[in-house]
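The exercises below are to be worked with the sequence and the coordinates side by side. Each one sets a task and is followed by a solution in steps.

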Amino acid sequence: MALDQIVDGLSEVSCDVLVIGGGTAGPMAALKAKLKNPKANVVLLEKANVKRSGAISMGMDGLNNAVIPGYATPEQYTKEITIANDGIVDQKAVYKYAQNCFEIIEELDSFGIRFLKNENGDYAVKKVHHIGTYVLPMPNGETVKKALYRQLRRARILISNRYMATRLLKSSNGRIAGAISVNTRTAEILVIKAKAVILCMGAAGRLGLPTSGYMFGTYENAANSGDGYAMAYHAGAALANLECYQINPLIKDYNGPACAYVAGPFGAFTANNEGSRFIECDYWSGQMMLEFYNELLSGKGPVFLQLKHLHPDTISEIESTLHKVERPTRGLFQQGRGVDYRNDSIEMHISEIGFCSGHSASGVFVDDNARTTVPGLYAAGDMASVPHNYMLGAFTNGSVAGIDAMEFADNHDFAEFDAADVAMERDRVMAPTKREDGIPPNQVEYKTRRLVNDYLQPPKVTRKYQLGMRRLAEAREDMQERMIARNAHELLRALEVQSIMDCADMAVHASLYREESRWGLYHWRTDFPEKDNENWFCHTLLSKQNGRMTSEKRAVEPYVVPIADDEKDLYDKQRIRATA
Ligand SMILES: Cc1cc2nc3c(=O)[nH]c(=O)nc-3n(C[C@H](O)[C@H](O)[C@H](O)COP(=O)(O)OP(=O)(O)OC[C@H]3O[C@@H](n4cnc5c(N)ncnc54)[C@H](O)[C@@H]3O)c2cc1C
């Protein structure tokens with residue numbers, strides 16, 4: 001059989017809990033669900049291969065948000081994230097994360113993932129955030145995936161690699177009933193009936209086009225094409241604060257961070273072309289990104305990570321982490337550019353836009369039990385709405401989701417779905433394979449993402465957004481009428497571009513709805529340049545109602561940890577001011 005040849009087939013399986021996405025949150029959710037009820041069937045479905053998939057495919061340099069007794073308290077952390085996220089936070093979920101994450105660190109430690117410790121054997125946490133101390137380096141962070149995978153095998157989780165989920169199934173009374181997926185090598189359809197489903201499909205990272213010009217050179221794992229956001233939307237779940245984009249500072253032309261989080265605690269800093277610091281703190285927030293963006297455009301750009309002033313031994317130590325743990329390609333990239341950290345600063349730039357709660361706050365709306373607004377449907381990690389939750393948040397909230405979802409499955413039978421929904425989805429999925437001639441998915445994707453960059457990249461201008469909406473609608477028509485897939489691999493790409501298009505539409509809708517500016521660069525609307533707490537101190541929830549995209553306001557839940565008036569704008573004061 002020719003490689004990736006399309007096979008006509010449909011089969012059906014069932015399980016108690018279905019976890020979709022085997023990156024970071026997914027494996028932990030599956031593991032905890034199975035440990036909660038070892039007799040139950042837990043399936044972990046992954047588009048790629050769980051062994052090396054997701055944002056931590058290789059490993060990670062450290063935990064960005066570890067709340068470790070002796071260094072920080074859950075109250076301090078909750079306060080910091082509330083302020084960093086301009087106050088639009090349901091604190092209960094953040095507080096619960098902060099209370100539970102230390103236990104998860106100890107569990108990860110017991111899996112063999114080591115964290116930096118001092119001579120007394122205590123965790124050696126570093127300060128990067130504006131107020132508290134939460135960054136815990138991982139000197140052998142490249143082993144994360146392997147260690148996780150061992151646990152999945154040990155617990156006998158059923159892993160289905162190379163299956164891309166495309167749509168969720170629901171019963172007539174709105175409960176989750178399972179999901180539909182496609183084999184990425186054969187295009188055969190697999191329907192999975194499940195009592196509860198957990199979405200862990202990561203950020204929507206292929207929304208904007210990177211300035212490097214490489215379609216897959218995104219900051220996020222490029223397999224994260226926003227399928228989770230699109231599936232949740234089509235299932236009628238609410239999505240929160242999608243206008244709060246993710247935009248990150250990166251190494252210029254390289255799809256990874258310069259990593260002030262690793263280098264900062266050793267004395268490195270973000271500087272302009274005069275070698276001067278211009279921001280108080282390297283922790284990523286919308287306001288920090290706005291200052292970064294302003295500096296780039298001010299004539300004082302480019303912006304650099306500066307470390308050549310450090311002792312050569314310190315530089316070697318930083319280098320060994322940055323070039324070994326998270327992204328070994330980084331060393332090769334710098335070598336190719338002739339950049340030696342001892343003599344040269346590292347040129348930085350800003351990333352393409354995306355949705356992500358890991359670094360920002362845009363995600364499928366969840367409560368503190370990781371429940372979405374659809375009964376039996378859960379979400380965790382970068383695609384769920386708990387803000388700034390990073391890798392440890394994916395693990396911790398994945399654990400919360402796994403336990404609660406198994407409880408739900410233990411108390412419910414399978415919900416019935418309509419076979420016509422499967423038939424309809426099969427037609428949608430296979431449509432590009434039925435055409436004789438047309439536009440290949442990579443061209444539709446390039447066009448869509450170029451439109452995203454041209455019209456949606458902040459600063460957000462209403463007129464540009466209105467034009468963008470029209471251009472995207474035209475591109476959608478081409479996609480629906482003329483896109484072709486000549487083999488199973490192209491079919492995967494064709495399905496991904498449909499998720500990307502849905503995300504682009506949601507980005508427009510959510511951005512036009514919030515008529516103020518908030519979160520620094522993430523939602524900077526030139527026509528509404530001020531923060532408007534009177535009218536917009538609220539979440540926005542976007543959902544599909546009667547087939548139409550709608551947005552509504554949702555009040556911020558009363559704070560668990562109060563924020564004093566003089567603390568509220570601490571993250572707004574990012575720019576270093578000259579003092580006499
Ligand atoms: C470059 C980079 C550096 C980072 N550095 C740090 C750091 O140093 N410290 C830190 O704490 N955090 C860091 N983070 C953040 C952290 O890695 C993420 O927050 C976390 O890994 C997200 O986990 P997740 O499970 O939500 O998503 P992922 O781990 O990305 O997993 C999503 C999974 O879903 C799969 N998937 C997607 N669509 C489908 C589909 N349709 N069907 C089936 N499967 C699908 C994907 O293949 C993937 O395996 C970094 C992130 C990036 C991108």
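**Exercise 1. Determine what covers the buried residues of α3, and check the geometry of this helix in the predicted model.**

Solution. Begin with the cover: the elements packed over the buried residues of α3 include α1 (25-36), β3 (62-63), α2 (74-84), β4 (136-137) and α10 (390-410). The buried positions themselves include Gln91, Val94, Tyr95, Tyr97 and Ala98, and further along the helix Cys101, Ile104, Ile105 and Leu108. Charged residues also belong to this buried set, among them Glu107 and Asp109.

Next, test the length. Helix α3 runs over residues 91-110, and because each residue is expected to contribute 1.5 Å, its 20 residues should span 28 Å; the end C-alpha atoms lie 29 Å apart, which agrees. Then examine the axis, where a kink of about 40° is centred on Asn100. Finally, look past the end of the helix: α3 is followed by Gly112, whose phi is positive, near 105°.

**Exercise 2. Carry out the length check for α10, and decide how far this helix is enclosed.**

Solution. For the length, take 1.5 Å a residue, so that the 21 residues of α10 should span 30 Å; the end C-alpha atoms are 30 Å apart, in agreement with the expectation. For the enclosure, count the buried positions: 18 of the 21 residues of α10 are buried, so the helix is largely enclosed by the rest of the structure. The helix also has a place in the ligand site, since α10, β3 and β6 (163-170) each supply at least two residues of the shell around the ligand.

**Exercise 3. Describe the surroundings of the ligand, beginning with the residues that come nearest and ending with the area that the protein covers.**

Solution. The shell holds 38 residues, of which Thr24, Glu46, Gly62, Asp227 and Asp382 come nearest to the ligand. Now turn to individual atom pairs. A side-chain N or O atom of Asp382 is 2.7 Å from an oxygen atom of the ligand, while in Asn224 a side-chain N or O atom is 2.8 Å from a ligand oxygen. Ala25 takes part through its backbone, with an N or O atom 2.8 Å from an oxygen atom of the ligand. As for the area, the ligand on its own has 1000 Å² of accessible surface, and the protein covers 99% of it.

**Exercise 4. Is Glu496 buried or exposed, and which side chains make polar contacts with the side chain of Glu496?**

Solution. First locate the residue, which is found in helix α14 (residues 488-513). Its relative accessibility is 1%, and since the cut-off for a buried residue is under 20%, Glu496 counts as buried. The polar contacts come next: the side chain of Glu496 is joined to that of Arg206 at 2.7 Å, and to that of Arg493 at 2.8 Å.

Then list the contacts beyond four places in sequence, where Glu496 touches Lys47, Met164, Arg206, Ala223, Ser225 and Asp227. Asp227 lies 269 residues from Glu496 along the chain, yet the C-alpha atoms of the two are separated by 6.8 Å. Asp227 is also one of the residues that come nearest to the ligand.

**Exercise 5. Characterise Thr186 by its place, its accessibility and its contacts.**

Solution. Thr186 sits in the loop between β7 (176-183) and β8 (189-199). It counts as buried because its relative accessibility is 14%. Within the loop region, a polar contact of 2.7 Å joins the side chains of Thr186 and Glu188. Setting aside residues up to four places away in sequence, Thr186 touches Gln5, Ile6, Val7 and Ala488.

**Exercise 6. Which peptide bonds ending in Pro302 and Pro459 are cis, and what phi values do Arg162 and Ala370 have?**

Solution. Start with omega: the bond from Gly301 to Pro302 is cis, with omega near -5°, and the bond joining Pro458 and Pro459 is cis with omega about 5°. Pro302 lies in the loop between α7 (286-297) and β12 (303-306), whereas Pro459 lies in the loop between α12 (441-456) and α13 (462-482).

Continue with phi. Arg162, although not a glycine, has a positive phi of about 65°; this residue is in the loop between β5 (158-160) and β6, and it counts as partly exposed because its relative accessibility is 28%. Ala370, likewise a residue other than glycine, has a positive phi near 65°. Its loop runs between β14 (363-364) and β15 (377-379), and at 5% relative accessibility Ala370 counts as buried.

How values were computed: Residues numbered from 1 in each chain as written. Predicted model: local features only at pLDDT ≥ 70, side-chain atom pairs only at ≥ 80, totals over all residues. Heavy atoms only, no water. Helix = DSSP H or I, 4+ residues; strand = E, 2+ residues; numbered from the N terminus. Expected span 1.5 Å × (residues − 1). Bend = angle between axes of the 7 residues up to and from the residue. Buried < 20%, exposed > 50% of the residue type's maximum accessible area, 1.4 Å probe, protein only. Contact = heavy atoms within 4.5 Å. Polar contact = N/O pair within 3.5 Å; in protein donor to acceptor, adjacent residues only side chain to side chain. Near = heavy atom within 4 Å. Areas by Shrake-Rupley, 256 points an atom, 1.4 Å probe, with all protein chains shown as cover.
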